[in-house]
Amino acid sequence: MNTITINGQTIELTDSDSNNDSDKPLLWFVRENLELTGTKFGCGVGMCGACTVHVDGYPTRSCITPVSSVLGKSITTIEGLSEDNDHPLQQAWVEHQVPQCGYCQSGQIMTAAALLENNPTPSDEDINNAMNVICRCGTHQRIRKGIKAASEALIASSD
């Protein structure tokens, strides 16, 4: 039996799922099969990053990732980042009023979460290099402020 762990819950794919959904992009499996709609469809070719989720902790474009390639792996979507939307990034996003249209924001937050996991005190250059998610509203300066605020909150909470 093939399994995927999504947001801490192990899901067994039935033979029907495996046969019908193995080539289905992870984005559509998450949205349609699991009704986790926080992950957004953007460009469909892995360029914009609106569909970013974590696969075994790495930011991954779910629109171009077939379900068959993540069998046995751990997936985290924006819904799994925290139970009460109280992750320091989510709080910083609200505090610094980062989103405008909001469409890319789940991809932005998931990419930022992976950055802070690997680099708890990123420089502006580190942030610019890691945040390869397109925001057509141009909120990149607010995104940078949100990441720095979340970094400070995470460090303060670990003391």
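**View 1. The hairpin of strands E1 and E2 in the predicted model.** Isoleucine 4 has isoleucine 11, in E2, as its bridge partner, and this contact belongs to a ladder of 5 bridges by which E1 and E2 are joined in antiparallel fashion. The two strands make up a hairpin that leaves 2 residues between them, and in this turn asparagine 7 adopts a positive phi of about 50°. All of this is read from a model that is predicted.

**View 2. The open sheet and the places of its strands.** Five strands are arranged in the order E2-E1-E5-E3-E4, and the pairing within this open sheet of 5 strands is mixed. Strand E2 (9-13) and strand E4 (58-61) occupy the edges, where each has a single partner strand, so one side of each remains without a neighbour in the sheet. From one strand to the next, the twist averages 35°.

**View 3. The parallel pairing of E1 with E5.** Strand E1 (residues 2-6) and strand E5 (residues 74-76) run parallel and are connected by 2 bridges. Isoleucine 6 is found opposite isoleucine 75, the latter being in E5.

**View 4. The hairpin of strands E3 and E4.** E3 pairs with E4 in the antiparallel sense, with 4 bridges between the two strands, and histidine 54 has proline 59, in E4, as its bridge partner. Between the strands of this hairpin lie 2 residues, and aspartate 56, which is in the turn, shows a positive phi of about 50°.

**View 5. Helices H2 and H5 lying across the strands.** Helix H2 (residues 26-33) lies across E1, E2, strand E3 (52-55) and E5, and its direction makes an angle of about 75° with E1. H5, in turn, lies across E3, E4 and E5, and runs at about 35° to E3.

**View 6. The aromatic pair of tryptophan 28 and phenylalanine 41.** The count of aromatic pairs comes to 1. In this pair the ring centres of tryptophan 28 and phenylalanine 41 are 5.4 Å apart while the ring planes meet at 35°, so the arrangement is classed as tilted, given that planes under 30 degrees apart would count as stacked and those over 60 as edge-to-face. Tryptophan 28 belongs to helix H2 and phenylalanine 41 to the loop between H2 and E3, so that the pair, with its members 13 residues apart, links distant parts of the chain.

**View 7. The largest pocket and its lining.** The volume of the largest pocket is about 240 Å³. Its lining consists of 14 residues, of which Ala113, Ala114, Leu116, Glu117 and Asn118 are the closest to the centre of the pocket. Helix H5 (residues 105-118) contributes the most to this lining, with 5 residues, and the lining as a whole comprises 8 nonpolar, 4 polar and 2 charged residues.

Key. Residues numbered from 1 in each chain as written. Predicted model: local features only at pLDDT ≥ 70, side-chain atom pairs only at ≥ 80, totals over all residues. Heavy atoms only, no water. 1 Å grid on protein atoms, 1.4 Å probe; cavity = no way out; pocket = protein on both sides within 12 Å on 5 of 7 lines; lining within 4 Å. Points joined across faces, edges and corners; volume = space filled by probe spheres on them. Nonpolar A, V, L, I, M, F, W, Y, C, P; charged D, E, K, R; others polar. Pairing = 2+ DSSP bridges. Axes fitted to C-alpha atoms, helices over the stretch in contact; angles between N-to-C directions. Contact = heavy atoms within 4.5 Å. Phe/Tyr/Trp six-rings, centres within 6.5 Å; stacked < 30°, edge-to-face > 60°.
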